[in-house]
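Here is a friendly walk through one protein model, meant to be read with the structure open beside you. Take a moment to turn it around before reading on.

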Amino acid sequence: MHGSLSLRPALALGASLADQAYQLIKDDLFSFRLLPGERFTETDLAARLGVSRTPVRLGLARLEREGFVLASPRSGWQARPFDFERFEALYDLRIVLELAAVERLCARERADGEDLLEALRDIWHAPPQRRLLDGRRVAELDEAFHCALVEAAGNPEMAQVHRDVTEKIRIVRRLDFTKDFRIDATYEEHGAILSAVLARRVDEASRLLRAHIGMSRAEVSKITLRMLHEARGG
């Protein structure tokens, strides 16, 4: 198995062993230290983590429910093979949901979720000197921005489906924030989308949103292919 796993002091405080195992394995999946399609055993992970198999098994069971690993009765576990077609389909669904949300928001005189959108102003209209540079944190804020757009539209079922899609693409979507220029672009693009939605300019908001998601989609595809190539070559 690529890389090595070890307990981290920051995680050990206030976290159960199962939670630690879950987070560390997930980090390795997201960083491609544990490659898509790679097979491994609970025994191997337990030895690397320095814990018994029970917390490892609990962490893996959680990751299985989330769709990141697959269980095999005969061969242990496998990191879910990377399926570009599946991610393309999920991105298509994400675009449909977010465009529908934007149309609903712009069609209202004042959206019920207006306060939710107004709260985003301080984050995404921040001047360059006040913007965050931590890619992981910006990725979290990016996810929250898009979820807020859908939530503000007022359809809880649509918001739940969107959250499910968001979770499934998180493993690749966060790669978009490993490049500084993409962090800057996200601030600019989110700010423009937000302004258009608050001004009820539906055509402009829809165009900006589609372009924004499309650019992110293209970037993460390129980065994913490169990371897979480098990891396998290493």
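The report below covers confidence, salt bridges, the largest pocket, the cavities and one strand residue.

## How far to trust the model

Please keep in mind that this is a predicted model. The protein chain has an average pLDDT of 86, and 90% of the residues reach at least 70. Helix α5, residues 84-107, is where confidence is highest, with a mean of 94. At the other end of the scale sits helix α1, residues 9-12, where confidence is lowest, at a mean of 44.

The pLDDT stays below 50 over residues 3-14. Beyond near neighbours in sequence, this stretch still has 23 contacts in the model. Where pLDDT is low, the predicted coordinates should not be read in detail.

## Salt bridges between helices

How many salt bridges are there? The count comes to 20. One of them pairs R57 with E42, with 3.2 Å between the closest N and O atoms. R57 belongs to helix α4 (residues 53-65) and E42 to helix α3 (residues 42-49), so this pair ties together parts that lie 15 residues apart in sequence. The two partners can also be described by their accessibility: R57 counts as partly exposed at 36% relative accessibility, whereas E42 is buried, with a relative accessible area of 11%.

Another pair worth finding on screen is D92 and R217, whose closest N and O atoms are 2.7 Å apart in a salt bridge. Which parts of the chain does this pair tie together? D92 is in helix α5 and R217 in helix α11 (residues 202-233), so the link joins parts 125 residues apart in sequence. D92 is partly exposed, at 41% relative accessibility, while R217 counts as buried at 14%.

## A pair within one helix, and a network

Helix α11 also holds a salt bridge of its own. The side chains of K222 and E219 meet there at 3.3 Å, N to O. K222 and E219 are 3 residues apart in helix α11, so about one helical turn separates them. E219 is buried, its relative accessible area being 10%.

Some salt bridges share partners, and in this way D19, K26, R62, E66, E143, E167 and R170 are joined into one network. R170 will come up again in the next section, as one of the residues that lie nearest the centre of the largest pocket.

## The largest pocket

The largest pocket has a volume of about 270 Å³. Its lining is made up of 14 residues, and those nearest the centre are F30, R136, E140, R170 and R174. Which helices supply at least two residues each to this lining? They are α2 (17-30), α8 (135-152) and α9 (156-173).

By class, the lining of this pocket divides into 9 charged, 4 nonpolar and 1 polar residues.

## The cavities

There are 3 cavities of 30 Å³ or more in the model. The largest cavity has a volume of about 170 Å³. It is lined by 17 residues, and G67, F68, R80, F87 and I171 are the closest to its centre. Helices α5 and α9 each contribute at least two residues to the lining. The classes here are 11 nonpolar, 5 charged and 1 polar.

The second largest cavity contains about 70 Å³ of space. Its lining consists of F82, F84, F87, E88, Y91, V172, R217, V220, S221 and T224. R217 is thus found in this lining and in the salt bridge with D92. F87 is listed here and also among the residues closest to the centre of the largest cavity. Helices α5 and α11 each supply at least two residues of the lining of the second largest cavity, and by class that lining has 6 nonpolar, 2 polar and 2 charged residues.

## A residue in strand β1

To finish, have a look at F40, which lies in strand β1 (residues 39-40). Is F40 buried or exposed? F40 is buried, with a relative accessible area of 4%. Along the chain, F40 and S75 are 35 residues apart, and their C-alpha atoms are separated by 8.0 Å.

Terms used:
Residues are numbered from 1 along each chain as its sequence is written. This is a predicted model: local features need pLDDT of at least 70, side-chain atom pairs count only at pLDDT 80 or more; totals for chains, interfaces and linings use all residues. Side-chain values use heavy atoms; hydrogens and water are left out. pLDDT is the predictor's confidence in each residue, from 0 to 100. Helices (H or I, at least four residues) and strands (E, at least two) are DSSP runs, numbered from the N terminus. Contact means heavy atoms within 4.5 Å. On a 1 Å grid over the protein atoms alone, a cavity is a set of points where a 1.4 Å probe fits but cannot get out, and a pocket is an open set with protein on both sides within 12 Å along at least five of seven lines; lining residues have an atom within 4 Å of a point. Grid points are joined across faces, edges and corners, and a volume is the space filled by probe spheres set on the points. Ala, Val, Leu, Ile, Met, Phe, Trp, Tyr, Cys and Pro count as nonpolar, Asp, Glu, Lys and Arg as charged, and the others, Gly among them, as polar. A salt bridge is a side-chain nitrogen of Lys or Arg within 4 Å of a carboxyl oxygen of Asp or Glu. Buried means under 20% relative accessible area, exposed over 50%, partly exposed in between (1.4 Å probe, protein chains only).
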